[in-house]
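I opened this notebook to record what I looked up in one structure, entry by entry. The entries run from the overall fold to charged pairs, aromatic rings and the surface.

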Amino acid sequence: MNHLPEDMENTLTGSQSSHASLRDIHSINPGQLMARIESYEGREKKGISDVRRTFCLFVTFDLLFVTLLWIIELNVNGGIENTLKKEVAHYDYYSSYFDIFLLAVFRFKVLILGYAVCRLRHWWAIALTTAVTSAFLLAKVILSKLFSQGAFGYVLPIISFILAWIETWFLDFKVLPQEAEEENRLLLVQDASERAALIPAGLSDGQFYSPPESEAGSEEEAEEKQDSEKPLLEL
C-alpha cells in the first residue's frame, strides 16, 4: 500500500506535463507560424543567403584590389607595357609580381565556384585556397628579391596574405554558423506548425481533466468503517 501514493503521484505529474505541452502548442498563433515559414522559404528560393552574398562580394573585392595594386606597380616601374612584358613574357619567380596576381585569380575562381555556384556548406575549399596562398607567399618572401624593389615588395604579399585569412575567418565564423542557425530555426518552426495542426480547434482544458490525488489510507479507513457498521445493522 505504500507504493500506491507514489504511483498515483507519477501518473498525475505525467498527465499535467502532457496537458501543459498540448496547451502550449495550441496557444501558438498559426498566422505567425505561416509568416515565419514563408519568410524562410523565401530565403531558400533566393538561392543564396545575405551573409554568403557578402562573402562572395568580399572575394571579388580581393581580386579587384590585388589587380589594382599590381597595375599601379606596373605603371610605377617604367610603364605598363614594358613592365608587363618583363613580368609576364619574361616571368621571373624572384622578381615578378605576376604570380601574386594569379594567386588572387586562383582564390576567386575556387571560392566563387565552391560557395556561390555549388553553394558548399563545408570549409574545405577555403582551407585549400588559404593553405596554398600562405605557403606560396611565405616561400616567395623567403626566396625572392621583392624587398629590394620598393614598397610594393612589401605591400602586395602582405595584402594578399591578410585578405586570404580574412576570407577564412568570415566564412568559418559568420557564413556557415549563421546559415546553420537559420536552417535549425526553419526546422523548429515547421515542426511546431505540424504539431499545432494535429490539435483540434475546439480543444478545451476540460478534456484533459485529471482527478485529484486521493489521500493515503483512504481505502483502509473505508473498509474499517464498513466493518464497524455491520454489527449495528445486524441489531
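The entries below give each item looked up and what I found.

**Entry 1. Overall fold**

I note at the outset that the model is predicted. I looked up the secondary structure and found 8 helices and 0 strands. Read along the sequence, the pattern is α-α-α-α-α-α-α-α. I then looked up burial over the 235 residues of the protein and found that 28% are buried.

**Entry 2. Annotated spans**

I consulted UniProt, where an unreviewed entry places the feature "transmembrane region" at residues 55-76, 96-116, 123-143 and 149-166. I checked two of these spans against the coordinates. For residues 96-116, the end C-alpha atoms lie 31 Å apart, and the span is 90% helix and 0% strand. For residues 123-143, the end C-alpha atoms lie 30 Å apart, and the helix content is 95%, with 0% strand.

**Entry 3. Salt bridges**

How many salt bridges does a search of the whole structure find? The search returned 6. I recalled the general point that side chains of opposite charge can pair when their charged atoms come close. I recorded three of the pairs in detail.

I took Arg52 and Glu179 to begin with; their side chains meet in a salt bridge at 2.7 Å, N to O. This pair links distant parts of the chain, with Arg52 in helix α3 (residues 50-76) and Glu179 in helix α7, 127 residues apart. Buried or exposed: which applies to Arg52? Arg52 has a relative accessible area of 3%, so I entered Arg52 as buried. Glu179 is likewise entered as buried, because its relative accessible area is 8%, below the 20% limit for that class. I also noted that Arg52, Arg121 and Glu179 are linked in a network of salt bridges.

Next I looked up Arg107 and Asp62, whose side chains meet in a salt bridge at 2.9 Å, N to O. Arg107 belongs to helix α5 and Asp62 to helix α3, and the pair links parts of the chain 45 residues apart. Arg107 has 0% relative accessibility and therefore counts as buried. Asp62, at 1% relative accessibility, counts as buried too.

The third pair is Asp99 with Lys140, where the closest N and O atoms are 2.7 Å apart. Asp99 in helix α5 and Lys140 in helix α6 are 41 residues apart, and the pair links distant parts of the chain. Asp99 is buried, with a relative accessible area of 7%. Lys140 counts as buried at 1% relative accessibility.

**Entry 4. Lys140 and the aromatic rings**

I followed Lys140 further and found that it lies over the face of Tyr93, at 4.6 Å from the ring centre. That led me to search the whole structure for aromatic pairs, which gave 13. One of them joins Tyr93 and Phe136 edge-to-face, with 6.0 Å centre to centre and 85° between the planes. Tyr93 sits in the loop between α4 (80-89) and α5 (98-117), whereas Phe136 is in helix α6 (residues 124-143), 43 residues apart. Phe136 is partly exposed, with a relative accessible area of 25%.

Why is the pair of Phe147 and Tyr154 stacked? The ring centres are 4.7 Å apart and the planes of Phe147 and Tyr154 are at 10°, so the pair is stacked; planes under 30 degrees apart fall in that class. Phe147 counts as partly exposed at 41% relative accessibility, and Tyr154 counts as partly exposed at 44%.

I also recorded one aromatic cluster, formed by Phe55, Tyr115, Trp169, Phe170 and Phe173.

**Entry 5. Nonpolar surface**

Finally I looked up nonpolar patches on the surface. I found one of about 810 Å², made by Leu138, Phe147, Tyr154, Val155, Ile158, Phe161, Ile162, Trp165 and Ile166. Which helix gives the largest share of the nonpolar patch? Helix α7 (residues 152-197) does, with 7 residues.

I examined Ile158, which is found in helix α7. Its relative accessible area is 47%, so I entered Ile158 as partly exposed. Phe147 and Tyr154, the stacked pair of the previous entry, are also among the patch residues.

Definitions and conventions. Residues numbered from 1 in each chain as written. Predicted model: local features only at pLDDT ≥ 70, side-chain atom pairs only at ≥ 80, totals over all residues. Heavy atoms only, no water. Patch = residues over 30% accessible without salt bridge, like charges linked within 9 Å, V, L, I, M, F, W, Y side chains within 5 Å. Areas by Shrake-Rupley, 256 points an atom, 1.4 Å probe, with all protein chains shown as cover. Salt bridge = Lys/Arg side-chain N within 4 Å of Asp/Glu carboxyl O. Helix = DSSP H or I, 4+ residues; strand = E, 2+ residues; numbered from the N terminus. Buried < 20%, exposed > 50% of the residue type's maximum accessible area, 1.4 Å probe, protein only. UniProt positions renumbered as here; feature names shortened; annotations may be inferred. Phe/Tyr/Trp six-rings, centres within 6.5 Å; stacked < 30°, edge-to-face > 60°. Lys NZ or Arg CZ within 6 Å of the ring centre and 35° of its normal.
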